[in-house]
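Here are some exercises to work through with the coordinates open in your viewer. Try each one before reading its solution.

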Amino acid sequence: FASRDDTSTHNGREGSWKRKRCGECEGCIRQDCGDCRACRAMLKFGGLGETTQVCSLRRCICQMNNVPQMRTARIATPMDHDAHSKELLKALAEYLQACGGDDNLIAGWNTKTETRKAGGSAGTCDTYFFSPSGKRFRSRAEVARFFALPNAPLPGRKQKQPRHGKTPLSPTPVAYASA
């Protein structure tokens, strides 16, 4: 279910994706400030050029507001919220069907999208799903586990997939000769 959006491109390595800047927002158009940590590291400002970070004032606003799996964006007006919520619930229903459930499982559910206000991840959005009883879920996978669907992902870290053609090592029984 890991779909990629239009702001991502494959950079040549298996499973490795790099996000592209939109080139149109205020952050993309702005000039380097020359004062932030990233600018001080740039060769043109006397740095060693060891890092390739963009100026802290030139961060792409479209990238910061985009969460690829949920396709979430900053909500401008309350009217947009209803349409956005319907889109998220539709995506959740499709995900639950892929996990072996029914799209009627989420009848009466709603969503809430909040933009982080402070910290290193300020500007990114978090989407929460709420059951009719008010229980909050942070992800589609958490909802699938709540319904105990057969193909629901296990909790915890993402499980590594075996590389091309390789299978994980499994113990093989060894026959011992008795003396």
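A charge counts as sitting over a ring if NZ of Lys or CZ of Arg is within 6 Å of the ring centre and within 35 degrees of the ring normal. Keep in mind that we're working with a predicted model.

**Exercise 1. Find the arginines that lie over the face of a tyrosine ring, and give the distance for each.**

Step 1. Start with Arg 140: it lies over the face of Tyr 95, at 5.0 Å from the ring centre. That distance fits the 6 Å cut-off.

Step 2. Now try Arg 136, which sits over the face of Tyr 128, with 4.7 Å to the ring centre.

**Exercise 2. Sketch the overall layout of the chain: how many helices and strands are there, and in what order do the elements run?**

Step 1. Count the elements: the protein chain has five helices and five strands.

Step 2. Read them off from the N terminus, and you get β-β-α-α-α-α-β-β-β-α.

Step 3. Add some bulk numbers. Of the 179 residues, 27% count as buried. The accessible surface comes to about 13300 Å², and 52% of that belongs to carbon and sulfur atoms.

Step 4. Check the contacts with a separation of 6 or more: residues 24 or more positions apart account for 44% of them.

**Exercise 3. Take apart the largest nonpolar core: which residues touch the most other members, and which elements give two or more residues?**

Step 1. The core has 16 residues, and those touching the most other members are Leu 92, Leu 96, Ile 106, Trp 109, Phe 129, Val 143 and Ala 144.

Step 2. Two or more residues come from each of α4 (78–98) and α5 (140–146). The largest share, six residues, is from α4.

Step 3. Zoom in on Ile 106. Leaving out residues up to four places away in sequence, Ile 106 touches Leu 89, Leu 92, Ala 93, Leu 96 and Phe 147.

Step 4. Don't miss the other core that lies apart from this one: it has five residues, among them Cys 36, Ala 38, Cys 39 and Met 42.

**Exercise 4. Is Ser 131 buried or exposed, and which residues does Ser 131 touch?**

Step 1. Locate Ser 131 in the loop between β4 (125–130) and β5 (136–137).

Step 2. The relative accessibility of Ser 131 is 8%, so this serine counts as buried; the cut-off is under 20%.

Step 3. List the neighbours: skipping residues up to four places away in sequence, Ser 131 touches Trp 109 and Phe 137. The side chain of Ser 131 also makes a polar contact with the side chain of Ser 133, at 2.9 Å.

**Exercise 5. The structure holds five aromatic pairs. What is the geometry of the pair between Trp 109 and Phe 147?**

Step 1. A ring pair is described by the distance of the centres and the angle of the planes.

Step 2. For Trp 109 and Phe 147 the centres are 5.7 Å apart and the planes are at 45 degrees, so this pair is tilted.

Step 3. Place the partners along the chain: Trp 109 is in the loop between α4 and β3 (110–115), while Phe 147 is in the segment after α5, and the two are 38 residues apart.

Step 4. Compare Phe 146 with Phe 147: this pair is edge-to-face, with 5.2 Å centre to centre and 70 degrees between the planes.

Step 5. Check accessibility. Trp 109 is buried at 7%, Phe 147 is partly exposed at 23%, and Phe 146 is partly exposed at 43%.

Step 6. Put the rings together: ring pairs link Trp 109, Phe 137, Phe 146 and Phe 147 into a cluster.

Key: Residues are numbered from 1 along each chain as its sequence is written. This is a predicted model: local features need pLDDT of at least 70, side-chain atom pairs count only at pLDDT 80 or more; totals for chains, interfaces and linings use all residues. Side-chain values use heavy atoms; hydrogens and water are left out. A nonpolar core is a set of buried Ala, Val, Leu, Ile, Met, Phe, Trp, Tyr and Cys residues joined through side-chain atoms within 4.5 Å. Buried means under 20% relative accessible area, exposed over 50%, partly exposed in between (1.4 Å probe, protein chains only). Helices (H or I, at least four residues) and strands (E, at least two) are DSSP runs, numbered from the N terminus. Contact means heavy atoms within 4.5 Å. A polar contact is a pair of N or O atoms within 3.5 Å; within protein, one must be able to donate a hydrogen and the other to accept it, and residues adjacent in sequence count only if both atoms are side-chain atoms. Rings of Phe, Tyr and Trp (its six-membered ring) pair if their centres lie within 6.5 Å; planes under 30 degrees apart count as stacked, over 60 as edge-to-face and the rest as tilted. Accessible areas come from the Shrake-Rupley method with a 1.4 Å probe; for residues, only the protein chains shown count as cover.
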